[in-house]
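Thanks for sharing this one with me. Below are a few notes, in no strict order, to read alongside the coordinates.

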Amino acid sequence: MPKLAMIATQGTLDWAYPPFILATAAAAMGWDVGIFFTFYGLPLLKKDLKLPVTPVGNPAMPMKMPFGSEGFQNINWPIPNAITSNIPGFENFAGSMMKKGFKNKGVASVEELRDMAVEMDVKLIACQMTMDVFGFKREEFIEGTEYAGAAAYLEFAVDSDVNLFI
Amino acid sequence: MPKLAMIATQGTLDWAYPPFILATAAAAMGWDVGIFFTFYGLPLLKKDLKLPVTPVGNPAMPMKMPFGSEGFQNINWPIPNAITSNIPGFENFAGSMMKKGFKNKGVASVEELRDMAVEMDVKLIACQMTMDVFGFKREEFIEGTEYAGAAAYLEFAVDSDVNLFI
Amino acid sequence: MPKLAMIATQGTLDWAYPPFILATAAAAMGWDVGIFFTFYGLPLLKKDLKLPVTPVGNPAMPMKMPFGSEGFQNINWPIPNAITSNIPGFENFAGSMMKKGFKNKGVASVEELRDMAVEMDVKLIACQMTMDVFGFKREEFIEGTEYAGAAAYLEFAVDSDVNLFI
């Protein structure tokens, strides 16, 4: 059985997709999968999953909105961070548009992907050291979360076929 | 023959270099190389490659401009995003300066590196699912692009010697 | 002896922790470790390590400050980049708070982690090509730094058990 080990270090809505999509795809193929959540990635384990989206003015999303109607998508958005972040609620708006975009295309939400991962026995491991530094408490995280340190991650990773730092 | 599998998820000019530099270096050493483009990395496959550079005020580039004359490079640029993004055209300017910087040092442009990768039989694979979500069409992408999903990536990655998420 | 190869591509205070924490943890377990510093990660090798922190308004750190007193940490900080970057010195303030946060929790500073890595024979390799492009000089970097290109990295990575692009 192939083995996939990921370190999830980013806690925005957009960057929540890659680890959960890869985890569920691999688990569906019968792989043994573990995700080690650390640093800014810890919020992905919270029961109450309210994630912001990376600002639309971010050059990482330069061309068009990846969601919304076709007309809306075709607009070029050369909006600098300085402007979007001054529109109250803009990031919430972008976040809910992104969620709809994934839904319209038949892609599960982050919550649904995470539930699927748990059902498929993907190991979800929170980094205890960064939890302490960032002030997270175990009761904030979903059931089934395991707690460990960098050494436990390395032991899981060493015989994994695919290792990814996300 | 060693095998290198990369996931390219970022679509700015600066972050376009790592996957193509690693791909061409590995291919030149006789490796079998595949790059799976997904998420914000999909624009790297566009025929018309107009990539923005990450803003210079970004703390990721805190010290100096990595291009331009020596005097220009020695200036410290403590410019916050809020300022650079308000200078019309600043990002285009930074992008063309960065291209010149790489050229002055004998490093190929992103377009040239991508052409070299194609000639060296590097597999360029677009993630069909995120193409649908983001609204990209096959005719926008360069010839030779293959189309597949996460399962195909995992099958390529499982027996790769080096796996990288960029 | 297991082998860990990392590419460190980010030069901010927060993103300096992952490669050095993983390197020292793996070296403490007897692993053979190499870090290849390239791109924006090159400043992590400077003798004079003055790293900025990613702005607090960054959506990657959406919930709370991961440092400071408990009351301070419990404040929600919906501060957009546009605002924090206009407060003179805010990023320095955030950087020094972050350093204190790690210190309060018994985590070493980036400098201490880097010193530990050197003592533990972690290989620190600077990418010669990006040094040339970015205008870095060897005398700026700490002693013990090795200098090589992408081919040397690939040769180190090919028989590593864990490969990470950070």
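1. In this predicted model, A8(B) stands opposite F37(B) in β2(B). The two strands concerned, β1(B) (residues 3-8) and β2(B) (residues 32-37), pair in the parallel sense over 6 bridges.

2. What links these strands into a unit? Helix α1 (residues 13-28) of chain B joins β1(B) and β2(B) in a β-α-β unit, and this unit is right-handed.

3. β1(B) also has strand β5 (residues 162-165) of chain B as a partner: they run parallel and are joined by 4 bridges. Here I7(B) is the residue to look at, as F165(B) in β5(B) stands opposite I7(B).

4. Is β1(B) mostly covered or mostly open? Mostly covered: 6 of its 6 residues are buried. K3(B), A5(B) and I7(B) point one way from the strand, while L4(B), M6(B) and A8(B) point the other way. Do have a look at K3(B), which is among the buried residues.

5. Over in chain A, helix α7 (residues 150-158) has A150(A), Y153(A), L154(A), F156(A) and A157(A) buried. They sit on the same side of α7(A), because the arc they cover around the axis is only 165°.

6. How do α7(A) and helix α1 (residues 13-28) of chain C pack? Their axes are 9 Å apart and the angle is about 75°. Angles of 65 to 115 degrees count as roughly perpendicular, so that is the description for α7(A) and α1(C). A150(A), Y153(A) and L154(A) make the contact from α7(A), and L22(C), A25(C) and A26(C) make it from α1(C).

Note on methods. Residues numbered from 1 in each chain as written. Chains lettered and ligands numbered in written order. Predicted model: local features only at pLDDT ≥ 70, side-chain atom pairs only at ≥ 80, totals over all residues. Heavy atoms only, no water. Buried < 20%, exposed > 50% of the residue type's maximum accessible area, 1.4 Å probe, protein only. Pairing = 2+ DSSP bridges. Right-handed = clockwise from strand over helix to strand, strands pointing away. Arc of directions from axis to C-beta. Axes fitted to C-alpha atoms, helices over the stretch in contact; angles between N-to-C directions. Parallel < 35°, antiparallel > 145°, perpendicular 65-115°, else oblique. Contact = heavy atoms within 4.5 Å.
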